[in-house]
Amino acid sequence: MSSRIACHECDLLQIIPALPEKASARCVRCGAVLYRRKPNSINRTLAWTFTGLIFFVLANCLPFLAMKSGGFVQETKLVTGIIQLFKQGLPGVSALVMLTCVIFPLLDMAGTLYVLLPLKLNRAPRGAPRVFRLIQHIRLWGMVEIFMLGILVALVKLAKMAEIIPGLALYSFIALMFAIAAAANNLDSHLIWEKLGRKI
Amino acid sequence: MNPTSLTARKANLVSCHVCHLLSRAATTHCPRCGSSLHQRKVNSIARTWALLIAACICYIPANVLPMTISSTLGSKQTDTIMSGVIYFIHSGSWEIALVIFIASIFVPLIKMFILAFLLISIHFRIRWKPRDRTRLYRLTEAVGRWSMVDVYVVTILVGLVHLGALANVDAGPAAFYFAAVVVITMFAAESFDPRLIWDVMEQ
Ligand SMILES: [Zn+2]
């Protein structure tokens, strides 16, 4: 599978040779990664995306964190903070957190399934190029792993003030983070585009 | 690899920025993925400057205004980003202090400096180390999103510490400006076209 490609960072034309599995091709001029071959890409991406969806549901439904302070117990869900921000007159920030940590990751996973499942069965779903293009843009704005770091920092901050009880949603969220990372790591978009290109 | 020492533009081709398919230069939309085609990102320099200036303006209230307003049993305390860092140093968790300092103060600042430097270097057609300048761009692109961590910390605190008179945390106005800095600098990095660095080398 050798093809001509222009480097997206310096525009140099070059030919990508047939690569062995897991190898990557870099631009000879600027060093940008042009293409990385991923073995068994579609199956692995699908498996991780399904896993991710399950943990996504769990992370959003189960209790997330609870705070115990002087006889009071304050229990929260994942979206509690987002709703609070909205109530306190910061709808923009609230929407941003909602998009980057809930909606975009969900759309990313749903879109991936929509495109990849039919491709596995050698069919191209309606509007697949548009969907795949959209999720490529959206992926940049999914920030589940950064939210995880935020949780860690918040827990350290509160540790001296009150007792924090982690809920099952927290563990689901950690699993979701790994599933999303693994799905992205196994997705070979070059291959998907090539398959989609042949179907048109 | 087979270098042809020819750019797509010189070969009269245009590369799709979404799916990387090469098309003839006059094509307006990519035949494979449907996105609109341009030799270079449209208005890259002007757009990046505008976003960069907007981010610089938001950076000031983001650091001066309070990020959180916490009240415990009647006593009120406002925290800026920097006072949050200092709090963590005093309470002995210097790793967390370092994380917040790097993500919230250092990264946005260095990102704005690097983008300004790249824009200026293109304006004056500087031919100095294009490979390293491309690498700098790649760095700003990869690292910028991590600044969002402080916005998330506020979100979690606000949701969790909500016990009325006993203990309460409210988000301050800086949360808005800080989120704006992160989003705007991410858009700025996206609108910058690193190929402009190399176009100077071609001439
Ligand atoms: Zn290159």
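How many Å apart do the C-alpha centres of domain 1 of chain A and domain 2 of chain A lie? Let us work this out together, along with a few other exercises on this predicted model.

**Exercise 1. Locate the two domains of chain A and give their separation.**

Step one: find the bounds. Domain 1 of chain A covers 1–37, and domain 2 covers 40–199.
Step two: take the C-alpha centre of each. These centres lie 30 Å apart.

**Exercise 2. Describe the site of the zinc ion.**

Start with the donors. Four SG atoms coordinate the zinc ion, and they belong to A:Cys7, A:Cys10, A:Cys27 and A:Cys30, at 2.2 to 2.4 Å.
Next, look at how these donor residues follow one another along the chain: their spacing reads C-x2-C-x16-C-x2-C.
Then turn to the geometry. The angles among the 4 donor atoms run from 103 to 116 degrees. Four donors count as tetrahedral if all angles lie between 85 and 135 degrees, so the site of the zinc ion is tetrahedral. For reference, the ideal angle for four tetrahedral donors is 109.5 degrees.

**Exercise 3. Decide whether two of these cysteines, A:Cys7 and A:Cys10, are buried or exposed.**

The cut-off you need is that buried means under 20% relative accessible area.
A:Cys7 has 1% relative accessibility, so A:Cys7 counts as buried.
A:Cys10 also has a relative accessible area of 1%, and is therefore buried.

**Exercise 4. Count the disulfides over all chains.**

First recall the idea: a disulfide is a covalent bond between the sulfur atoms of two cysteines.
Now search the whole structure. The search finds 0 disulfides.

**Exercise 5. Work out the strand order of the open sheet in chain A.**

The sheet has 3 strands in the order 6-5-7, and their pairing is antiparallel. At its edges are strand 6 (72–76) and strand 7 (163–166) of chain A, each pairing on one side only. On average, neighbouring strands of this sheet are turned by 20 degrees against each other, with direction ignored.
For a closer look, take strand 5 (residues 65–69) of chain A, which pairs with strand 6 in the antiparallel sense over 5 bridges. Within this part of the sheet, A:Ala66 has A:Glu75 of strand 6 as its bridge partner.

**Exercise 6. Do the same for the open sheet in chain B.**

Here the 3 strands follow the order 5-4-6, with antiparallel pairing. Strand 5 (75–79) and strand 6 (167–171) of chain B each have a single partner strand, so one side of each has no neighbour in the sheet. From one strand to the next, the twist averages 15 degrees.
Strand 4 (residues 68–72) of chain B pairs with strand 5 of chain B over 5 bridges, in the antiparallel sense. One of the facing pairs is B:Ile69 opposite B:Thr78 in strand 5.

**Exercise 7. Find the phi values and the surroundings of A:Asn122 and B:Arg125.**

Begin with the background: most residues other than glycine have a negative phi.
A:Asn122 is not a glycine, yet has a positive phi of about 60 degrees. This residue lies in the loop between helix 3 (91–120) and helix 4 (128–139) of chain A. Its relative accessibility is 55%, so A:Asn122 counts as exposed.
B:Arg125 is not a glycine either, and its phi is positive at about 55 degrees. In chain B, the loop between helix 3 (94–123) and helix 4 (130–143) holds B:Arg125. With a relative accessible area of 49%, B:Arg125 is partly exposed.

Note on methods
Residues are numbered from 1 along each chain as its sequence is written. Chains are lettered from A and ligands numbered from 1 in the order in which they are written. This is a predicted model: local features need pLDDT of at least 70, side-chain atom pairs count only at pLDDT 80 or more; totals for chains, interfaces and linings use all residues. Side-chain values use heavy atoms; hydrogens and water are left out. Helices (H or I, at least four residues) and strands (E, at least two) are DSSP runs, numbered from the N terminus. Buried means under 20% relative accessible area, exposed over 50%, partly exposed in between (1.4 Å probe, protein chains only). A disulfide is a pair of cysteine sulfur atoms within 2.5 Å. Domain bounds come from an automatic or database domain assignment. Donors are N, O and S atoms within 2.8 Å of the metal (3.2 Å for Na, K and Ca); water is not among the atoms, so sites may look incomplete. Four donors count as tetrahedral if all angles lie between 85 and 135 degrees; four count as square planar and six as octahedral if opposite donors are over 155 degrees apart and all others between 65 and 115; anything else is irregular. Two strands pair if DSSP finds at least two bridges between them. Axes are lines fitted to C-alpha atoms, for helices over the stretch in contact, and angles run from 0 to 180 degrees between N-to-C directions.
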